[in-house]
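Please examine the structure shown below. The paragraphs that follow lead through selected side-chain contacts and one helix with its surroundings.

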Amino acid sequence: MNGMSLTDGQHEKGRAAGHERETIIELRNVDYTYQAGSPFAAAALHDVNLKIQRGTLIGIAGGTGCGKSTLLQLLNGLLLPTGGSVRVLDHTLLPGMKKLRLNALRRRVGLSFQFPEQHLFEDTVEKDLMFGPLNFGFTREEARTKAAEALRSMGLGDELLNRHPLSLSGGQMRKVAIATVLAAGPEVLMLDEPTATLDSAARRELIALLARLCREEGRTILMVTHRIEELLEAADEWVVMNEGRIVFQGDADELVDRTNELREWGLAVPEQLRCWEEWTARLPQLAALPLPRTPEAMARVIAEAVRGSAGAPDAVRVSAPESIHRSAPAPGSESPSEAVNEARSGEWEHDLCATN
Amino acid sequence: MRDKLIIGRMIPTGSRVHGLDPRAKITAMLLFTAALILSNGWPQLLVLAALSLIVLLATRVPLKTYLRTLRPMRWLILFVFLFQLLAGAGTEAAAGDGFLWTLGPITLSAAGLSAALLAVMRMVLLIVFTAMLTFTTTPSMLSRGIEGLIKPISRRGTGAERFSLMMRLALRFIPALLEEAQTILKAQAARGADYEEMNLKEKARLLMSLLVPVTVGAFRRAEELTTSLEARGYRIGAPRTSYRQLIWRRADTWFTVLFALLPVGALLVRLTV
């Protein structure tokens, strides 16, 4: 949607390092085994340690079956750890504890599941939206207001309120599913692959919305995804999981240094990271810069670097414009400066570095 | 929910029983059931119990797991026990035989107690043996086995295939539906309606509210499944080969023969004693 608002990596870094944030989620040596003690026992998490600060937007990535969804379910008490401790806000979840009155926690920590159609079980959208608020002790009137607000905040109109949830389109269903969680006004919003069934425009719109919920309303957002590139711009921090362990936690700049490992962890390396890796190898002066978070910003930074090194060694001069030319879909961008203009107009997107 | 319902899922231990032909195991199961029905005395039932214990141990699945399969059936077992106890007592008491004690209209007798225990024993053996079959055989092998058994009986070739496909789909759908119900329960719990924290009345209401979405989900899945079967060229009656052929080995013959002896023996005992 509005891609240019967060483009400057520098400003974003400054904000993140600005002041110490309160740690609201802390996992210590957490293990989780499904059906523990039965012959079907299957370990999903091993010795997970994690800290998450309030008001941050966290991307959680990992191959299938790496324990991402299990992790989310531990954070609002749907599952209790089989080892270690989980602290979320002012609740501490321990193995084997009695699950009583977790609603106080669940009101504050909302979870949107992977498949929206499994999320919606009432016969109208409005009832589904009101389900959470009613359970969390709001009156019918309040719940109705919250339902309508949540729907509007997802960019959907009131006319959907009386529709059957399963009669909606895939994208609408997904948005309604997220709205059902938002209706209760959670401080922490967890989403399990929310963009899986959306087209690219809807995906960007949703992520811009999540970023707004995080930046303007101070909510903490945890989003599971297997498309790192879609969240590269918005995420403050990344958690990468592999085979039930957290193998990486850090920001996108640190992630760039681990691109080789990403492949081992069963993740596709985002084109943007691949491109940056390639260019930093060619133009060493780029390596000192933070990773530009959007393709547009990256194109601009690279083009400026190429122009800056025009008088430099031959290898760079020959290879750089050629590579830009190869990757740019628009005809006629023969020189780096034209490439910059292309980049500014924002038409480049992910094809920027489709060289290999 | 799935934690409690463990019957119907294969537990891979790689034992000899796992390696038997599903047709042999199903035949043995039928013969065992016949023997159970024909046995009406303690000696016969103890023989059956001993034999099934040997088979259970041979599967290398812990016995505790077998006991867990009885848990969901405990109320039914109790009901059968009480029913036999009271009904059996009535007839025996009328014959004036083996009197234990009387409390108002309730009379208990030794024979009634014995009959009740026999009935419970039969039920337990049947459940545990069925569990053995499903613990050692994947659903697809099970349905292939049934298909193989029906094929020689059915005149037109498609009957067996139709039945087997139906069974396979039904078996495939049971865990899928349970999973779906569980996911919806989780979605509800996440939004403040936790099944485990509720009283009986609220639980009943919540389960009722599952009915519609799970049924809708089942139809959706069924539709997708038919489409995907058709898309991959599946046609009833079309010549098909199997990736894994069923092979009948000598062990299968011995296994079947052993179990064939059981109902014959039980029948002989019944006729002669």
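In this predicted model, the charged end of A:Lys146 lies over the ring of A:Phe138, at 4.7 Å from the ring centre. Chain A offers a further arrangement of this kind: the charged end of A:Arg282 is placed over the ring of A:Trp279, 5.3 Å from its centre.

Attention now turns to aromatic pairs, of which there are eight over all chains. In the pair B:Phe255 and B:Phe259, the ring centres are 4.9 Å apart and the planes meet at 55°; the pair is therefore tilted, since an angle over 60 degrees would be needed for edge-to-face and one under 30 for stacked. Both residues belong to helix H10 of chain B, and because they are four residues apart, about one helical turn separates them. An α-helix has 3.6 residues a turn, so residues three or four places apart point the same way. B:Phe255 is buried, at a relative accessible area of 11%, and B:Phe259 is buried as well, at 0%.

These two residues join B:Phe32 and B:Phe129 in one aromatic cluster. B:Phe32 leads to helix H2 of chain B, where it is one of the buried residues, which also include B:Ala28, B:Met29 and B:Leu36. The buried residues of H2(B) pack against helices H1, H3, H6, H7 and H10 of chain B.

At the start of H2(B), a side-chain oxygen of B:Asp21 comes to within 2.7 Å of the backbone nitrogen of B:Arg23. The helix covers residues 22–38; at 1.5 Å a residue, its 17 residues should span 24 Å, and the end C-alpha atoms are indeed 24 Å apart, so expectation and model agree.

Note on methods. Residues are numbered from 1 along each chain as its sequence is written. Chains are lettered from A and ligands numbered from 1 in the order in which they are written. This is a predicted model: local features need pLDDT of at least 70, side-chain atom pairs count only at pLDDT 80 or more; totals for chains, interfaces and linings use all residues. Side-chain values use heavy atoms; hydrogens and water are left out. Helices (H or I, at least four residues) and strands (E, at least two) are DSSP runs, numbered from the N terminus. The expected span of a helix is 1.5 Å times one less than its number of residues. Buried means under 20% relative accessible area, exposed over 50%, partly exposed in between (1.4 Å probe, protein chains only). Contact means heavy atoms within 4.5 Å. A polar contact is a pair of N or O atoms within 3.5 Å; within protein, one must be able to donate a hydrogen and the other to accept it, and residues adjacent in sequence count only if both atoms are side-chain atoms. Rings of Phe, Tyr and Trp (its six-membered ring) pair if their centres lie within 6.5 Å; planes under 30 degrees apart count as stacked, over 60 as edge-to-face and the rest as tilted. A charge sits over a ring if NZ of Lys or CZ of Arg is within 6 Å of the ring centre and within 35 degrees of the ring normal.
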